[in-house]
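Please walk me through this structure, from its surface to its interior. I would like to see how the side chains pack and pair.

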Amino acid sequence: MMRNTEQTIGNLIDRQGVSFISSVDSDGYPNTKAMLSPSKREGIKTFYFSTNTSSMRVSQYRENPKACIYFFDKRFYRGVMLKGTMEVLEDAASKEMIWEEGDIVYYPKGVTDPDYCVLRFTAESGRYYSNFNSEDFIPK
């Protein structure tokens, strides 16, 4: 059993350069893709990602907000899956909150680029794998 769930999971997440996000397509199948790590997180419950408004993933989340995110530490072969919902945010405050200088490469019109939006994931449950054991938890 984890002694400090938020610290253990948070440390694993913060050390990863890549995350995986999943959405549900119109036929009900899961769709997963690799993304950069979240731009911001609040504990292990709320995560913010930047993406293109025109992306397939955004249209899928607008149709069905059910989502999953996964982080994997290949060095120690451990990982965490979080299930919850994904919201598409296009308001100026959300976009400015996670904007980073290097984002101009992806969004040439800057923080006001109409093809730039924020995905906010809110976790409802989680599952942690380490040392041949899995453990369910509720993110806080």
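Tyr 77 is exposed in this predicted model. Its relative accessible area is 53%, and the cut-off for exposed is over 50%. Tyr 77 sits in the loop between β5 (66-73) and β6 (78-89). On the surface it belongs to a nonpolar patch with Val 18, Phe 20 and Phe 72. Together the four have about 360 Å² of accessible area.

Now go inside. The largest nonpolar core has 23 residues. Ile 69, Val 80, Leu 82 and Phe 121 touch the most other members. At least two residues each come from α1 (5-14), β4 (46-52), α2 (56-63), β5, β6 and β7. The largest share, 5 residues, is supplied by β7. Take Ile 69 as a viewpoint. Beyond its neighbours within four places in sequence, Ile 69 is in contact with Phe 20, Ile 21, Phe 47, Phe 49, Val 80, Met 81, Leu 82, Met 86 and Phe 121. Another core, of 6 residues, lies apart from the largest one. Among its members are Tyr 48, Leu 89, Ile 98 and Tyr 107.

Next come the rings. A pair of aromatic rings is described by the distance of the centres and the angle of the planes. The structure has 8 aromatic pairs. One of them joins Trp 99 and Tyr 116, with 5.1 Å from centre to centre and 70° between the planes. That angle makes the pair edge-to-face, because the cut-off is over 60 degrees. The pair links distant parts of the chain, 17 residues apart. Trp 99 is in the loop between α3 (92-98) and β7 (116-130), while Tyr 116 is in strand β7. Trp 99 is partly exposed, at 21% relative accessibility. Tyr 116 is buried, at 0%.

Tyr 116 has a second partner in Tyr 107. Here the centres are 4.7 Å apart and the planes stand at 45°, so this pair is tilted. Tyr 107 is buried as well, with a relative accessible area of 3%. Ring pairs link Trp 99, Tyr 106, Tyr 107 and Tyr 116 into a cluster.

Thr 51 touches two rings of that cluster, Tyr 107 and Tyr 116. Thr 51 lies in strand β4. At 6% relative accessibility, it counts as buried. Its contacts, not counting residues up to four places away in sequence, also include Met 35, Val 58, Asp 115, Cys 117 and Leu 119. Lys 109 is 58 residues from Thr 51 in sequence, and their C-alpha atoms are 14 Å apart in space.

Finally, follow the charges. Side chains of opposite charge can pair when their charged atoms come close. The whole structure holds 6 salt bridges. How exposed or buried are the partners? Arg 78 and Asp 73 form one bridge, with their closest N and O atoms 3.0 Å apart. Both Arg 78 and Asp 73 are buried. Arg 120 bridges to Glu 87, and the closest N and O atoms there are 3.0 Å apart. Arg 120 lies in strand β7 and Glu 87 in strand β6, so the pair ties together parts 33 residues apart in sequence. Arg 120 is partly exposed at 24% relative accessibility, and Glu 87 is partly exposed at 33%. Arg 127 pairs with Asp 136, with the closest N and O atoms 2.7 Å apart. Arg 127 is partly exposed, at 36%, whereas Asp 136 is exposed, at 55%.

Notes:
Residues numbered from 1 in each chain as written. Predicted model: local features only at pLDDT ≥ 70, side-chain atom pairs only at ≥ 80, totals over all residues. Heavy atoms only, no water. Patch = residues over 30% accessible without salt bridge, like charges linked within 9 Å, V, L, I, M, F, W, Y side chains within 5 Å. Areas by Shrake-Rupley, 256 points an atom, 1.4 Å probe, with all protein chains shown as cover. Salt bridge = Lys/Arg side-chain N within 4 Å of Asp/Glu carboxyl O. Helix = DSSP H or I, 4+ residues; strand = E, 2+ residues; numbered from the N terminus. Buried < 20%, exposed > 50% of the residue type's maximum accessible area, 1.4 Å probe, protein only. Phe/Tyr/Trp six-rings, centres within 6.5 Å; stacked < 30°, edge-to-face > 60°. Core = buried A, V, L, I, M, F, W, Y, C linked by side-chain atoms within 4.5 Å. Contact = heavy atoms within 4.5 Å.
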